[in-house]
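Trainee: Mind if I grill you on the labels people stick on a model like this?
Mentor: Go ahead, and let's check each one against its cut-off.

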Amino acid sequence: MTGGLPLHRAVEEYLSKGRARFHMPGHKGEGPWLRWDITEVEGCDSLYQPQGAILELERWLSSLYGSRWTLLSAGGATLCIQAMLALSCPPGKKLVAGRGLHRSAVNAMALLDLEPVWIYPDQSAGPWFAGRYTPQAVEAALDACPEAAAVYLTSPDYFGVISDLAGVAQVCRRRGVPLLVDNAHGAHLKFLPPQLGLRHPLDCGASLCSDSLHKTMPAMTGGALLQVGEEGFLAQAKGRMALFGSTSPSYPILLSCERAAEYAASGRAQRDFGRVASLFARLEALCRQRGLPIPEGPRDPARLSVAFGAQGWTPKGFGAHLRRYGVEPEYLSRTACVLMATGFNRPEEFARLERALVNLPGGQAAPPPSQQLPRLERACSIRQATFSPWEEIPVGAAAGRVAGEECSPCPPGAPVVMPGERLDGGAAELLAACGVQTLRVLAE
């Protein structure tokens with residue numbers, strides 16, 4: 001049963017010996033789901049110093065993704081993002097970064113004392129969604145900041161919008177800086193049918209990228225991968241993962257990553273995502289017919305993002321309608337909904353979603369909101385703001401004050417305001433519209 005799965009084989013061999021567990025964890029394997037929850041005992045390898053089964057599993061994952069090496073994470077893409085930034089950016093340096101990044105990257109910048117030079121998405125995804133980061137925007141930012149240590153982008157974004165990473169990678173190579181990609185929502189891109197024309201960041205030329213296996217592949221929450229695309233990062237990669245990672249990695253999570261590898265290697269992933277893409281393409285056409293925009297241009301075919309606000313629906317109303325048909329969405333923003341699917345969604349579930357869309361009452365056309373992210377004055381560094389004394393005030397009184405924290409409606413976790421930025425009235429209004437009531441600001 002586990003002959004082709006090195007970590008499963010190692011743990012199963014340990015379990016078969018029936019040893020008295022005078023080691024962590026405290027449950028000693030008693031209880032549902034706990035038998036396989038072990039620690040780094042003899043024969044089961046060590047996550048940050050692998051020599052056996054984990055090393056073999058990482059080699060297998062590397063061959064599947066075509067990386068220089070692939071490192072396992074039981075701490076989600078957050079750990080991978082922390083390691084990427086630590087590998088590529090010495091403390092105190094600047095980096096070019098897409099403003100729509102995840103809060104985990106902002107927190108890592110605070111720890112590493114990095115200064116971001118922001119670039120902003122274009123409008124190519126249409127008026128209801130944030131757009132893409134272009135090679136031209138990256139080139140301009142590097143012209144303005146030639147000392148930048150790296151370029152850091154998120155693609156796909158939470159709504160599935162995919163940027164031109166191949167074009168950006170060409171710019172980065174010419175300028176001699178690494179391209180780091182938060183690919184948390186795109187671990188499956190490697191296993192899409194080739195005719196869809198979408199590629200994993202490694203195949204586009206990324207130097208480093210993070211993949212959340214648990215988001216789109218059959219792995220447990222917290223299962224992720226750090227993908228190394230450049231030889232020069234290999235020597236320190238494990239050390240940087242260990243710097244931020246837990247010394248008690250979850251074996252059930254690691255084992256689930258191995259199952260995801262088996263799923264990909266078997267060809268099932270490509271077959272299943274081809275089916276999902278076909279089903280969602282039909283639902284996209286239905287949405288357009290109903291006056292519900294979806295993102296324009298390259299996008300994740302396994303994610304259906306629907307701008308219900310175009311028909312005057314509120315998130316509460318649209319969510320209630322979906323749930324009446326037994327559908328639970330991934331996310332409801334102020335104006336759009338995200339629905340994620342994999343081969344593990346049953347045909348009947350797609351049928352429910354189709355019925356919900358077919359029977360959605362007609363609404364009244366409404367204009368799109370501004371998708372512009374705030375462009376605020378930086379009063380101090382992210383690190384200084386994060387570790388300075390703060391006070392909590394109503395968001396309505398925050399204009400003119402300096403943010404002491406990043407403020408990210410989560411999901412999707414993209415900060416509206418960054419630590420160290422001075423808020424203006426527009427930013428305060430946007431936070432209030434996102435449901436934020438109070439904000440930490442630097443004490444006066």
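**Labels and their cut-offs**

Mentor: Keep in mind that this is a predicted model. To start, 54% of the 444 residues of the protein count as buried.

Trainee: What makes a residue count as buried here?
Mentor: Its relative accessible area has to be under 20%. That is the cut-off behind the 54%.

Trainee: Why is the protein called as compact as a globular protein of its length?
Mentor: Set the two numbers side by side: the radius of gyration is 23 Å, and the globule rule gives 22 Å for 444 residues. Those are close, so the label holds. This goes with a fold of 15 helices and 14 strands, and the C-alpha atoms fill a box of roughly 65 × 55 × 45 Å along the principal axes.

Trainee: How do you know what share of the contacts joins residues at least 24 apart?
Mentor: Take contacts, meaning heavy atoms within 4.5 Å, between residues at least 6 apart in sequence; 70% of them join residues at least 24 apart.

Trainee: What makes the span of H11 close to the expected one?
Mentor: Helix H11, residues 268-289, has 22 residues and reaches 32 Å from its first C-alpha to its last. At 1.5 Å a residue you'd expect 32 Å, so the span fits the rule. After H11 comes Gly291, with a positive phi near 75 degrees.

Trainee: Which residues of H11 are buried, and what covers them?
Mentor: Among the buried ones are Ala269, Phe273, Val276, Ala277 and Phe280. Their cover includes helices H8, H10 and H13 plus strands E8 and E10.

Technical notes
Residues are numbered from 1 along each chain as its sequence is written. This is a predicted model: local features need pLDDT of at least 70, side-chain atom pairs count only at pLDDT 80 or more; totals for chains, interfaces and linings use all residues. Side-chain values use heavy atoms; hydrogens and water are left out. Helices (H or I, at least four residues) and strands (E, at least two) are DSSP runs, numbered from the N terminus. The radius of gyration is taken over C-alpha atoms; the globule rule is 2.2 Å times the number of residues to the power 0.38. Buried means under 20% relative accessible area, exposed over 50%, partly exposed in between (1.4 Å probe, protein chains only).
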